[in-house]
Each structure stands twice: as C-alpha cells, then as structure tokens.
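User: Got a minute to go through this protein–DNA model with me? I'd like to start with the contacts.

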Number of protein chains: 2
Amino acid sequence: MVIDINLSTPLRVGRQEAPSIPQPSLARLPQYHHYLVDLAAKGITQTTCSVIGRDLGLIPVQVRKDLQHTGIIGRPKTGYSVAELIQAIETFLGWNNINEAFLVGAGNLGTALLGHERFSKFGLRIVAAFDRDPAKEGQWIHEKAVLPLEELADLAQRMSIHLGIITTPPEAAQAVADEMVKGGIQAIWNFAPVKLKVPEHIIVHNEDLYSTLATLSWKLARRFRVSLKEKEAV
Amino acid sequence: MVIDINLSTPLRVGRQEAPSIPQPSLARLPQYHHYLVDLAAKGITQTTCSVIGRDLGLIPVQVRKDLQHTGIIGRPKTGYSVAELIQAIETFLGWNNINEAFLVGAGNLGTALLGHERFSKFGLRIVAAFDRDPAKEGQWIHEKAVLPLEELADLAQRMSIHLGIITTPPEAAQAVADEMVKGGIQAIWNFAPVKLKVPEHIIVHNEDLYSTLATLSWKLARRFRVSLKEKEAV
DNA sequence: GTAGACTCGATCCATGGTTATCGATATAAA
DNA sequence: TTTATATCGATAACCATGGATCGAGTCTAC
C-alpha cells in the first residue's frame with residue numbers, strides 16, 4: 001500500500017479545521033510579540049527561549065515549541081534574532097494584512113474599541129459602527145461613522161468586510177450576527193455573553209468578560225472561605 | 001497501613017492552589033448562568049443537561065460534570081430546578097457577596113467598564129477610578145470619582161478593597177500593580193497586555209484582547225490562504 | 001400496577017497540551 | 001585547535017480535560 005504524503009494536497013479529510021497549532025500556543029503568541037517589540041525598542045537583537053521564559057513566566061521548552069509553530073529557526077547557543085522573530089509572528093498571525101471590520105453596538109464597550117488606536121498595529125481596522133438606536137445614527141465616534149443597522153449587510157458585501165464585532169446587549173446579539181452572516185462576514189468577535197447560532201463555516205470567538213470575572217470571584221471567595229476557616233480553627 | 005481520608009483536612013500538600021474544578025469548567029459556569037436566567041425569565045422551572053447542552057452547543061455529559069462542581073444534585077428523568085441551579089452557581093462563584101473594586105486607567109476601556117452596570121449583578125462593584133492624568137483628576141465618570149493614583153494604596157487599605165482592575169497602557173501597568181499590592185489588594189484583573197510581576201499570593205487574571213485577535217486573524221488569514229490555493233488549483 | 005424511556009451520577013478511555021529528556025550544534029574560552 | 005557549555009530541535013512520558021459507557025433511579029404511559 002502506498003500512502004500519498006504529498007504536502008501540496010493537505011489531508012483535510014472530513015474535518016475542515018485542521019488547527020496545526022494548539023489554541024493555547026496561538027493565544028500566547030501575542031504575548032511574545034509584545035515582549036519582543038519591547039526588546040527591540042531597547043536595542044536588543046538576539047534572545048533565547050530561556051530568557052523569554054524567565055521574563056514571561058514560562059518554561060523554556062514551552063516557549064521553544066510555541067515559536068516553532070511560526071516557522072522560525074534558531075541557532076544553538078545564540079538563540080533567535082529578535083527582528084526575525086517579530087516578523088515571523090506577524091506573518092504567521094496575518095498581522096501584515098489589514099483586516100477591516102464592522103462594529104455593532106455603539107455603547108460603552110463599542111465606543112472604547114472604536115477608540116483603541118492600538119488595534120491598527122495588529123492588523124485590525126474598524127471602519128464603521130452600527131447601532132439600532134436612531135439617536136446615535138449619523139454621529140461620529142472616534143472618527144468613525146455610526147450607521148443604521150439595516151445598512152450593514154449591504155455595505156459589508158460591497159466593501160467585502162470579513163470581520164464583525166458585536167458589542168451589543170445580549171438580547172440583540174443573535175439578530176446582529178444574522179445580519180453579519182447575511183452580509184458575507186466570515187468571522188465574528190462576540191463580546192455579548194450569549195452563544196451565537198451561525199452557519200458552520202463562520203468563525204466565532206467569544207470574549208466573555210464574565211468568564212474571567214467568574215474565575216476571579218471564585219478564587220477570591222475561596223480565599224476568604226479558607227482564611228475564615230483558619231480563623232475558626234484558631 | 002491506614003490511610004486517613006478525613007475530608008475535613010484537605011490534602012493541600014505542597015501546592016497551595018488546589019483547583020478542585022477545572023479552569024474550563026469554571027469559565028463555562030457564567031454561560032450556564034446567563035442561559036438559566038433567561039429560562040427563568042421565560043417561566044421555565046425545570047431543565048435537563050440534554051436541553052442545556054443542545055442550546056449551548058455542549059454535550060450533556062459535559063454539562064452534567066460542570067454543574068456537579070457547584071454541588072447541585074439533580075433528579076433522574078426530571079433534571080434540575082432552574083432556580084436552585086442559578087442559586088448554586090451564584091453561591092459557588094461568590095456572586096452573592098459584593099466584590100468592591102478599584103479601577104486604574106480612565107481611558108476608553110476604563111470608561112466603558114465604569115459604565116457597565118451589568119457587572120453589579122455579578123458581584124462586582126467598581127467604587128472608584130484612578131488616573132495619572134491631572135486633567136482627569138476630580139472628574140466623575142459614570143457616577144464614579146476619578147482620583148489621583150497616589151491615593152490608591154491608602155484608600156484601598158482603609159476601604160479594604162480586594163480587587164483591582166488595570167486598564168492603563170502597557171507601560172504603566174506594572175507601576176499600577178505595585179501600588180495595588182501596596183494597598184493590600186488580593187486580586188488583579190489586568191487588561192494591559194503585559195506580564196505583571198507580583199508577589200506569589202496575588203491572584204492575577206489577564207484579559208488579553210490581543211490573544212483573541214490573534215486567533216481570529218490567524219484563522220482568517222489561513223482561510224484566505226486556503227481559498228487562494230484552491231483558486232490556483234483550478 | 002407494571003413496563004418503558006429518560007436522565008443522573010460514576011467510572012473508564014481517548015485526545016491533546018505540557019513537561020522532561022536527549023542528542024546535535026554552534027559559540028566561546030583555553 | 002580543542003574542549004566546555006549553552007541552546008536548539010525532536011522524542012517520549014505525563015497529566016488534565018473531554019467524551020463515552022453503564023448502572024441506578026424516577027417519572028410517564030398503558
């Protein structure tokens with residue numbers, strides 16, 4: 001039996017999402033990136049996994065594995081070139097190509113994201129905002145126009161926008177997601193604490209602040225339970 | 001050989017942080033909570049893991065396992081009482097007790113969090129904001145006073161604030177964290193994309209928007225690479 | 001009252017990410 | 001030039017989480 005291992009025809013058998021990099025590694029890459037940019041600003045041109053690990057609270061092996069996914073190759077004893085490493089991460093993450101995005105929900109959080117200039121350095125450009133509230137319609141927030149929600153689908157299609165950001169209250173999120181899908185948007189960054197129902201091929205990522213909050217408050221509560229118990233024991 | 005399995009003396013040998021619940025389960029609990037509150041609002045009083053799983057995109061076994069951590073007990077065939085379940089989650093997460101918090105960095109994101117009333121339902125009350133910028137000092141944002149950073153440590157101690165939220169630019173975050181530690185704050189919710197150096201016993205949780213952004217842009221970039229390749233193949 | 005179907009709870013297995021180990025290699029010092 | 005050391009890259013063991021299975025119990029329908 002001959003097995004075809006021709007790499008130009010990827011094995012995509014059945015599953016359409018071959019991750020090829022663990023999600024946690026992917027999530028750590030921006031941290032390396034931040035750190036490396038800092039290093040570069042200090043004029044440091046070479047670094048090693050050991051140093052990175054020490055500064056970021058990770059073990060060297062993990063750093064090495066994560067970075068290997070970007071395709072970078074290091075040299076024994078020397079380590080990596082900082083510049084090359086930054087370049088490799090940016091290319092790998094697609095931060096060189098701009099992703100244009102629509103944002104829906106011009107409330108507190110939406111406004112904050114619209115004003116976050118730093119995103120532009122990481123390949124994200126929010127080009128317009130949408131809101132159901134007629135009072136907000138026609139306003140400009142951080143130099144971005146606020147448009148009525150009805151225009152989203154059409155505009156997204158004509159401008160070939162691929163990314164949608166949802167910062168509405170949870171009740172409205174599903175309807176907004178439907179509009180986005182209608183407009184041909186490929187990926188949704190969802191800040192509303194609901195599970196969105198979308199077609200299979202749409203990429204959805206939830207940024208659930210309440211998840212973090214839950215972890216924090218659970219840990220705090222447990223800490224106080226424990227210290228209370230210790231007090232009782234005394 | 002007799003092994004003492006007295007549960008009143010937990011095994012905490014060495015490690016001081018016995019999670020006792022997987023982190024992913026913990027992160028899912030708020031989703032169940034949101035969902036259950038919705039159900040309750042619709043007047044539904046009983047539900048099962050199968051139904052929850054169907055609506056939240058999880059398999060029943062996982063739901064059951066997650067919920068078991070809260071101490072709830074269900075009944076065969078019937079499932080769980082929605083009200084009891086909500087109660088169990090809230091108690092487990094410590095959402096019944098209010099956590100008072102200080103927020104530092106009254107920029108776009110900080111302002112948004114200050115105005116997020118919904119947090120109060122989940123045990124979080126931001127009682128004051130701090131900023132290094134003298135222009136902001138003395139202002140009120142969403143009914144919260146903006147105070148100079150120098151007063152943080154003293155005030156935190158006197159008001160026995162346990163939670164700090166950092167929404168400053170990355171350069172300032174470490175200094176702020178130091179102040180918080182000085183003020184006796186126990187846990188830090190860090191929105192700045194830096195690794196904070198704090199004493200061992202401080203709980204830190206990073207809310208790194210760039211991690212999510214990285215995942216999204218990588219997936220988008222990969223999708224377009226793939227579709228490009230398919231086009232070439234044609 | 002009894003049979004059947006459904007769900008809980010517990011145990012077991014599989015998958016995947018993290019950590020440890022080992023050989024290879026390049027730099028630096030002798 | 002040679003030797004020692006630090007680091008990379010790869011392989012292998014380990015552990016946590018996710019998923020599957022099975023017995024037990026309860027409600028419904030007949």
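Analyst: Sure. Let's start with B:Gln62: an N or O atom in its side chain sits 2.5 Å from a phosphate oxygen of DNA strand D. I'm calling that a polar contact, meaning a pair of N or O atoms within 3.5 Å; within protein, one must be able to donate a hydrogen and the other to accept it, and residues adjacent in sequence count only if both atoms are side-chain atoms.

User: Before we go on, what am I looking at, and how is it labelled?

Analyst: It's a predicted model, where local features need pLDDT of at least 70, side-chain atom pairs count only at pLDDT 80 or more, and totals for chains, interfaces and linings use all residues. Residues are numbered from 1 along each chain as its sequence is written, chains are lettered from A and ligands numbered from 1 in the order in which they are written, and side-chain values use heavy atoms, with hydrogens and water left out.

User: OK, back to strand D. What does B:Lys65 touch there, and which part of A:Cys49 is involved?

Analyst: B:Lys65 puts a polar side-chain atom 2.2 Å from a base oxygen of DNA strand D. For A:Cys49, a polar backbone atom is 3.0 Å from a phosphate oxygen of the strand.

User: How many residues surround DNA strand D?

Analyst: There are 25, and the closest are A:Gly74, A:Tyr80, B:Gln62, B:Lys65 and B:Arg75. Near means that one of a residue's heavy atoms lies within 4 Å of the strand. Of the DNA strand D atoms that come within 4 Å of the protein, 69% belong to sugar and phosphate.

User: Which helices supply that surface?

Analyst: α2 (49-56) and α3 (60-68) of chain A, plus α1 (23-41) and α3 (60-68) of chain B, each give at least two residues to the surface near DNA strand D. Helices here are DSSP runs (H or I, at least four residues), and strands (E, at least two) likewise, numbered from the N terminus.

User: And strand C? How many residues surround it?

Analyst: 24 residues surround DNA strand C, with A:Gln62, A:Arg75, B:Arg64, B:Gly74 and B:Tyr80 the closest. Sugar and phosphate make up 69% of its atoms that come within 4 Å of the protein.

User: Any specific contacts from chain A?

Analyst: Yes, including A:Gln62, with a polar side-chain atom 2.6 Å from a phosphate oxygen of DNA strand C. A:Arg28 has one 3.2 Å from a phosphate oxygen, and A:Lys65 has one 3.1 Å from a base oxygen of the strand.

User: Switching topic: where are the domains in chain A?

Analyst: Domain 1 covers 23-93 and domain 2 covers 99-210, with bounds from an automatic or database domain assignment. Their centres, taken over C-alpha atoms, are 32 Å apart.

User: What about helix α8 of chain A: what span should it have?

Analyst: α8 (residues 209-233) has 25 residues, so it should span 36 Å at 1.5 Å a residue, and its end C-alpha atoms are 36 Å apart, which agrees. The expected span is 1.5 Å times one less than the number of residues. A:Asp208 caps the N-terminal end, with a side-chain oxygen 3.0 Å from the backbone nitrogen of A:Tyr210.
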